[in-house]
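Here's a walk through one model, going from helix packing to single residues. Have the viewer open and click along.

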Amino acid sequence: MPLGGLHPFEERNVHPRLPGIVKQLFDDGHYAQATFEAYKFVDKEVQRLSGTTASGFKLMMQVFATESPVIKLTGLSNESEKNEQKGFQFLFAGSVLAIRNPRGHEYAVADSPDQCLDHLALASLLLRRLEEVGLK
């Protein structure tokens, strides 16, 4: 971090509710682990907000389904709102599959600082979307 400059988390507007361990791991150069911790947090937040014990892909597909969603991100009153709900369903589910799972199941995943910040930006977007509909 440059002297007197912003921390990369501030530059990228990383969500402040991500656990402190995420920033600590990032600062220590453990980028894949920082990403993994952030997405475990997203998963736990969706569990908490939905009151569901499922996890990962199954959780995301279940709670954000357009038919009887546990978490409604839109009013689902027209095709556009249904598409948005389904799109976020896939973003949440896809982030678990493509970002979290490899870092939890594979050995020695190496991420660059920029890759980690990109992952954290997506996690931040997902958390902010939950907050936009009043879920905190």
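Which elements do the buried residues of α6 pack against? They pack against α1, α2, α3 and α5.

## Ground rules

What you're looking at is a predicted model, where local features need pLDDT of at least 70 and side-chain atom pairs count only at pLDDT 80 or more, while totals for chains, interfaces and linings use all residues. Residues are numbered from 1 along each chain as its sequence is written, and side-chain values use heavy atoms, with hydrogens and water left out.

A few terms come up throughout. Helices are DSSP runs (H or I, at least four residues), numbered from the N terminus. "Buried" means under 20% relative accessible area, "exposed" means over 50%, and "partly exposed" is in between, using a 1.4 Å probe and protein chains only. "Contact", "touching" and the like mean heavy atoms within 4.5 Å.

## Helix α6

Back to α6 for a moment. The buried residues there are Cys116, Leu117, His119, Leu120, Ala123, Ser124, Leu126, Leu127, Arg129 and Leu130. Keep the helix geometry in mind when you look at that list: an α-helix has 3.6 residues a turn, so residues three or four places apart point the same way.

The length of α6 checks out too. With 20 residues at 1.5 Å each, α6 should span 28 Å (the expected span is 1.5 Å times one less than the number of residues), and its end C-alpha atoms are 28 Å apart, which agrees. Just after α6 comes glycine 134, with a positive phi of about 85°.

## Helix α3

For α3, the 20 residues should span 28 Å, and the end C-alpha atoms sit 29 Å apart, which agrees. Of those 20 residues, 15 are buried, so α3 is largely enclosed by the rest of the structure. Glycine 51 follows α3 and has a positive phi, near 70°.

Alanine 34 is a good residue to click on in α3. Its relative accessible area is 0%, so alanine 34 is buried. Not counting residues up to four places away in sequence, alanine 34 touches Val22, Leu25, Phe26, Cys116 and Leu120. Proline 19 is 15 residues from alanine 34 in sequence, and their C-alpha atoms are 9.8 Å apart.

## How α4 meets α5

Helix α4 (residues 56-63) packs on helix α5 (residues 79-105) at an angle of about 175°, with the axes 8 Å apart. That makes the two roughly antiparallel, a label for angles over 145 degrees. The axes are lines fitted to C-alpha atoms, for helices over the stretch in contact, and angles run from 0 to 180 degrees between N-to-C directions.

On the α4 side, the contact is made by Gly56, Phe57, Met60 and Met61; on the α5 side, by Gln89, Phe90, Phe92, Ala93, Val96, Leu97 and Arg100. These split into eight nonpolar, two polar and one charged. Here Ala, Val, Leu, Ile, Met, Phe, Trp, Tyr, Cys and Pro count as nonpolar, Asp, Glu, Lys and Arg as charged, and the others, Gly among them, as polar.

Glycine 56 is buried, with a relative accessible area of 4%. Leaving aside neighbours within four places in sequence, glycine 56 contacts Asp43, Val96 and Arg100. Over in α5, asparagine 101 counts as buried at 18% relative accessibility.

## The nonpolar core

How many residues are in the largest nonpolar core? It has 32, and those with the most contacts inside it are Leu18, Val46, Met60, Phe64, Phe92 and Leu120. A nonpolar core is a set of buried Ala, Val, Leu, Ile, Met, Phe, Trp, Tyr and Cys residues joined through side-chain atoms within 4.5 Å. The elements giving two or more residues to this core are α2 (20-27), α3 (31-50), α4, α5 and α6 (113-132).

Beyond four places in sequence, phenylalanine 64 contacts Val46, Pro69, Ile71, Leu73, Gln85, Gln89, Phe92 and Leu130. Leucine 73, in the loop between α4 and α5, is buried at 4% relative accessible area. With the same sequence neighbours left out, leucine 73 touches Phe64, Gln85, Phe88, Phe92, Arg129, Leu130 and Val133.

## Two loop residues with positive phi

Leucine 76 isn't a glycine, yet its phi is positive, about 55°. It lies in the loop between α4 and α5 and counts as buried at 16% relative accessibility.

Asparagine 13 also has a positive phi, near 55°. It sits in the loop between α1 (8-11) and α2, and at 47% relative accessibility asparagine 13 counts as partly exposed.

How values were computed:
Angles under 35 degrees count as roughly parallel, over 145 as roughly antiparallel, 65 to 115 as roughly perpendicular and the rest as oblique.
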